[in-house]
Amino acid sequence: MKRMSIGVGVVGALMLVGCGVEQPGEEQELSSLQAPIETMATGTIAFYEGNGGTQTLLGTISDEPGQAYNLTRSNPTGIPNDEARSLVLYNVRAGAEIRVYDSSSGATDDDYAIITVKAAGLNGYVVQTFQQSYEDASVRVSYIRDNGLDGKVSRIVVN
Ligand SMILES: [Ca+2]
Ligand SMILES: [Ca+2]
């Protein structure tokens, strides 16, 4: 239902624009609004504030192996500490492994999750939560529980 109401909202906005007086630059604005994150050519992992890829886009990380970010310190991802609850995969390579930790040092006596990408070319695949282990044709998610991980991610590792 949420998706549906968003869709109607977009259509409504488009209709409003269509009825308005045409002005130079209007088209430009519209196309920049519509520019989808899906157009990213390289592998991108997008972290979201809400479950299911909702709320604020907190930041993105490439799928290049050998990355590790302590979110409690200044880091290039821009992802705030203790905020991320889900992620979305865009063209991430098969075999990529994303680890999200409650602990900023990656301590394994606190919650963490390992997301392994199984299929190449996923374009907008949503890992809804970090707190549920499951496997499908696209990913394998292994959640190692302590007392909760969604909204508490403090370290991200990509390999
Ligand atoms: Ca934490
Ligand atoms: Ca914890």
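**Exercise 1. Where is confidence low?**

Task: Find which stretch at the start of the chain has a pLDDT under 50, and how many contacts beyond four places in sequence the model has for it.

Solution. Step one is to look at residues 1–21, where pLDDT stays under 50. Remember that you are working with a predicted model. Step two is to count contacts: for residues 1–21 the model has 2 beyond four places in sequence. Step three is to move on to residues 25–35, where the pLDDT is below 50 and the model again shows 2 contacts beyond near neighbours in sequence. Step four puts these stretches beside the whole chain, which averages a pLDDT of 85, with 74% of the residues scoring at least 70.

**Exercise 2. Take stock of the chain**

Task: Work out how many helices and strands the chain has, and in what order they run.

Solution. Begin with the count: there are 2 helices and 10 strands. Next, walk from the N terminus: the two α elements come before the β elements, in the order α-α-β-β-β-β-β-β-β-β-β-β. Then ask how far apart the contacting residues lie in sequence. Among contacts between residues at least 6 apart, 63% join residues at least 24 apart. Finally, check burial: 28% of the 159 residues count as buried.

**Exercise 3. Find the core**

Task: Identify the residues with the most contacts inside the largest nonpolar core, and the elements that give two or more residues to it.

Solution. The largest nonpolar core has 30 residues. Inside this core, I45, F47, L87, L89, V100 and V153 have the most contacts. Now trace the core back to its elements: β1 (44–48), β2 (57–62), β4 (86–90), β5 (97–101), β6 (112–117) and β10 (155–158) each give two or more residues. To see one core residue at work, pick F47. Setting aside residues up to four places away in sequence, F47 touches L58, G59, I79, A84 and L87.

**Exercise 4. Rebuild the open sheet**

Task: Put the strands of the four-stranded open sheet in order, and explain why β2 and β7 each have one side without a neighbour.

Solution. First, lay out the order, β2-β1-β4-β7, with antiparallel pairing. Second, look at the ends: β2 and β7 (123–127) stand at the edges with a single partner strand each, so one side of each has no neighbour in the sheet. Third, consider the twist: neighbouring strands here are turned by 25 degrees against each other on average, direction ignored. Fourth, zoom in on β1 and β4, which pair in the antiparallel sense over 5 bridges. One place to find this pairing is T44, whose bridge partner in β4 is Y90.

**Exercise 5. Follow the partners of β10**

Task: Determine how many bridges join β10 to β3, and how many join β10 to β5.

Solution. Start with β3 (residues 67–70): this strand and β10 pair in the antiparallel sense over 4 bridges. Within that pairing, Y69 stands opposite I156. Then turn to β5, which is joined to β10 by 4 bridges, and these strands also run antiparallel. Here R155 in β10 is the bridge partner of Y101.

**Exercise 6. Read the loops**

Task: Decide whether T129, T54, D82 and N91 are exposed or partly exposed.

Solution. Take T129 first, in the loop between β7 and β8 (134–135). T129 has 17 C-beta neighbours inside 10 Å, so it counts as partly exposed. Its contacts beyond four places in sequence are N51, R85, S86 and D150. The C-alpha atoms of T129 and S86 are 5.0 Å apart, although the residues are 43 places apart along the chain.

Next comes T54, in the loop between β1 and β2. With 14 other C-beta atoms within 10 Å, T54 is partly exposed. Its C-alpha atom is separated by 9.2 Å from that of L87, a residue 33 places away along the chain.

Now D82, found in the loop between β3 and β4. Having 12 C-beta neighbours inside 10 Å, D82 counts as exposed, since the cut-off for that class is 12 or fewer. N91 lies in the loop between β4 and β5, and its 16 neighbours inside 10 Å make it partly exposed.

As a last step, check the backbone angles. D82 has a positive phi of about 55 degrees although it is not a glycine. N91, not a glycine either, has a positive phi of about 55 degrees.

Key:
Residues numbered from 1 in each chain as written. Chains lettered and ligands numbered in written order. Predicted model: local features only at pLDDT ≥ 70, side-chain atom pairs only at ≥ 80, totals over all residues. Buried ≥ 20, exposed ≤ 12 C-beta atoms within 10 Å, placed from the backbone. Contact = placed C-beta atoms within 7 Å. Core = buried A, V, L, I, M, F, W, Y, C linked by C-beta atoms within 7 Å. pLDDT = per-residue confidence, 0-100. Pairing = 2+ DSSP bridges. Axes fitted to C-alpha atoms, helices over the stretch in contact; angles between N-to-C directions.
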